[in-house]
Amino acid sequence: MQGKIIKGIAGFYYVHVAEASLYECKAKGAFRKAKIKPLVGDNVEIQVIDEDKKKGNIEKILPRRNQLIRPAVSNIDMALVIFAAAKPDPNLNLLDRFLIMMELQNVPVTICFNKSDLVDEQTKNNLSQIYESAGYKVLFTSAKKEENIEQIRDVLRGKTSTVAGPSGVGKSSTINLLQDHTIMETGAISEKIERGKNTTRHSQIIPIEEDTYIMDTPGFSSIYITECEKEDLWKGYPEFVKYEPHCKFNGCSHISEPNCGIKDALAEGKISQSRYDNYKLLYEELKNVRKY
């Protein structure tokens with residue numbers, strides 16, 4: 001029997017099988033010996049050991065299309081990152097860190113600024129300009145007023161997406177609104193895995209439409225980029241990539257060297273000053289980490 005892991009906690013994996021059956025499973029010891037850990041999002045084959053109690057064992061993990069390190073999930077098509085437009089003000093350095101992580105793992109990202117009813121049009125335009133010029137789709141929503149939730153649903157439709165963001169930005173409220181039109185099986189799944197608490201402590205998958213799933217992940221307040229050398233940091237900025245070939249020097253850091261294609265693009269307004277400033281901060285951070 002095949003299904004998808006929708007939540008894992010304390011060695012138990014909840015496997016969703018078509019037609020709303022949810023099985024509580026353990027992984028075979030062979031996985032531990034091979035140092036393979038099942039992930040939320042994995043498609044698996046299970047052996048049912050108690051149909052009445054819906055218990056089983058995971059026998060096989062089917063091939064993964066992709067695997068993220070942070071959050072530790074698999075088989076995703078897109079990341080939706082949610083920040084507040086205000087209260088709290090968006091931490092753009094933190095947002096850029098998340099975007100870099102997704103770029104380095106080749107995961108497309110849509111950015112959603114919630115609480116957009118608290119800011120004026122100029123603020124929205126500034127945020128749009130920073131990130132749309134970098135190639136990202138930007139949405140503005142208000143979970144409190146239920147504004148533009150359909151725009152999110154349109155972006156998510158037909159995909160399995162991880163939804164991430166800091167705590168306190170309205171992520172859970174947004175996800176709850178997305179479930180308003182959910183297929184009937186969701187209620188039973190939510191009840192069994194205790195979905196609906198304000199704080200998400202474990203990654204979990206929520207079906208919101210047919211062939212449309214979201215992975216709710218724990219909120220983050222800091223991200224350290226450790227899987228990247230400082231020399232490769234520019235590759236995490238998609239708007240840098242087309243200007244890097246114009247650098248005169250191989251291995252250009254894009255900070256102090258003359259004749260730098262990226263700095264020239266910055267001077268011409270083709271690259272956001274905010275994004276470039278965060279690049280310099282992260283470059284220094286990576287440089288200092290390598291000293292110890």
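In this predicted model, the largest nonpolar core holds 56 residues, and the members that touch the most others are Leu95, Ile111, Phe113, Tyr131 and Leu233. Two or more residues apiece come from β6, α2, β7 (109–114), α3 (121–132), β8, β11 (212–216), α8 and α9 (273–289). The greatest contribution is that of α2, which supplies eight residues to this core. Such an arrangement fits a familiar pattern: in soluble globular proteins, nonpolar side chains tend to be buried together.

Ile111 offers a convenient viewpoint on these surroundings. Leaving aside residues up to four places away in sequence, Ile111 is in contact with Val81, Leu95, Leu99, Tyr131, Tyr136, Lys137, Val138 and Leu139. Two of these neighbours, Leu95 and Tyr131, also appear among the core members that touch the most others. A separate core of 19 residues lies apart from the largest one, and Ala84, Cys112, Ile149 and Val163 are among its members.

Turning to the backbone, several loop positions deserve a look. A cis peptide bond joins Lys87 to Pro88, with omega near 5 degrees. Pro88 itself sits in the loop that runs between β6 (78–84) and α2 (92–104).

Positive phi values occur at two residues that are not glycine. One is Glu146, where phi is near 55 degrees; this residue belongs to the loop between β8 (137–140) and α4 (149–156). With a relative accessible area of 53%, Glu146 is exposed. The other is Asn259, with a phi of about 55 degrees, placed in the loop between α7 (238–241) and α8 (261–267). Asn259 counts as partly exposed because its relative accessibility is 45%.

Notes
Residues numbered from 1 in each chain as written. Predicted model: local features only at pLDDT ≥ 70, side-chain atom pairs only at ≥ 80, totals over all residues. Heavy atoms only, no water. Helix = DSSP H or I, 4+ residues; strand = E, 2+ residues; numbered from the N terminus. Buried < 20%, exposed > 50% of the residue type's maximum accessible area, 1.4 Å probe, protein only. Core = buried A, V, L, I, M, F, W, Y, C linked by side-chain atoms within 4.5 Å. Contact = heavy atoms within 4.5 Å.
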